[in-house]
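Here are three short exercises to work through with the structure open beside you. Try each task before reading its solution.

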Amino acid sequence: MGAGASVDDRLKDVDSAERAYLLKVAVFFGPACFAILSMAWYFCLRQDWISRGVFLLLALNVPFTIAGIFAIHRVAGATSTGLVKTIFAAGDIPPPPTYPRQDVLIARGQYAEAADYFRDHIRIAPDDHEARLQLAHLLETRLHGDAEAERLYQEVRRMQPDPRQEVRASNGLIDLYRRLGRSDRLRVELARFADRYRGSAAGDAAARELSDLKTASR
């Protein structure tokens with residue numbers, strides 16, 4: 001009984017909120033809509049576009065206004081629901097994959113074994129860009145596997161992943177070349193990043209670093 005009553009109360013709250021919102025739309029939009037329609041009919045009459053008999057159709061403003069109120073209420077409600085779903089993803093964006101076996105090995109300090117598991121996984125699931133990114137980070141930070149990490153970052157970017165993974169791959173290459181002192185490749189990656197993300201904070205930062213590199217090399 002308690003659970004059923006609670007559900008009923010929540011439904012009543014939703015209905016009350018809907019009625020309150022509809023009332024707001026009616027108060028703010030209704031009079032303005034009625035006035036605009038009335039002025040439109042009067043303008044048409046002054047221009048002799050309609051006769052005085054047709055002008056009596058002014059009474060149709062009432063159903064037109066009511067229809068407009070319900071249309072705005074429905075469209076605004078659908079738009080706000082879509083916006084909320086977009087902001088919070090509403091379950092449409094899957095969480096990133098996890099790799100518990102690799103995580104356990106990394107926690108134990110068995111980095112080479114974890115890297116082997118990542119390689120095996122990538123052979124089975126070649127479209128798993130997240131695994132490539134994590135393996136590249138592991139190689140770069142724990143196993144001195146810079147050449148393989150570079151190849152993995154390039155593979156991810158070449159395979160057109162989602163935008164977040166593409167940014168991570170580009171940043172991985174930039175950090176790798178910066179750490180290794182490979183200024184030639186670093187300039188190429190910075191130029192590419194600055195052009196790709198022109199107008200963003202990250203793109204502007206890449207452009208500034210590229211400019212500093214060019215100045216220092218003169």
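The exercises below use a predicted model.

**Exercise 1.** Describe how helix H9 packs against helix H10.

*Solution.* Two packed helices are described by the angle between their axes and the distance between those axes. Start with these values: the axes of H9 (residues 183–196) and H10 (residues 201–216) come within 8 Å and cross at roughly 145°. Next, take the handedness: H9 passes H10 in a left-handed crossing. Then list the contact residues, which include Leu186, Leu190 and Phe193 on H9, and Ala206, Leu210 and Leu213 on H10. Finally, sort the contact by class: ten residues are nonpolar, one is polar and three are charged.

**Exercise 2.** Find which residues make the nonpolar surface patch, and which helix gives the largest share.

*Solution.* First, pick out Phe34, Val62, Ile66 and Phe70, which form a patch of about 350 Å². Now look at helix H3 (residues 61–88): three residues, the largest share, come from there. Ile66 has its place in H3.

**Exercise 3.** Explain what the salt bridge between Arg182 and Glu150 ties together.

*Solution.* Begin with the whole structure, where a search finds 18 salt bridges. In one of them, the side chains of Arg182 and Glu150 meet at 3.3 Å, N to O. Now place the partners: Arg182 lies in the loop between helix H8 (163–180) and H9, and Glu150 in helix H7 (residues 146–158), so the pair links parts 32 residues apart in sequence.

Key: Residues numbered from 1 in each chain as written. Predicted model: local features only at pLDDT ≥ 70, side-chain atom pairs only at ≥ 80, totals over all residues. Heavy atoms only, no water. Axes fitted to C-alpha atoms, helices over the stretch in contact; angles between N-to-C directions. Helix = DSSP H or I, 4+ residues; strand = E, 2+ residues; numbered from the N terminus. Left-handed = near helix turned anticlockwise from the far one by under 90°. Contact = heavy atoms within 4.5 Å. Nonpolar A, V, L, I, M, F, W, Y, C, P; charged D, E, K, R; others polar. Patch = residues over 30% accessible without salt bridge, like charges linked within 9 Å, V, L, I, M, F, W, Y side chains within 5 Å. Areas by Shrake-Rupley, 256 points an atom, 1.4 Å probe, with all protein chains shown as cover. Salt bridge = Lys/Arg side-chain N within 4 Å of Asp/Glu carboxyl O.
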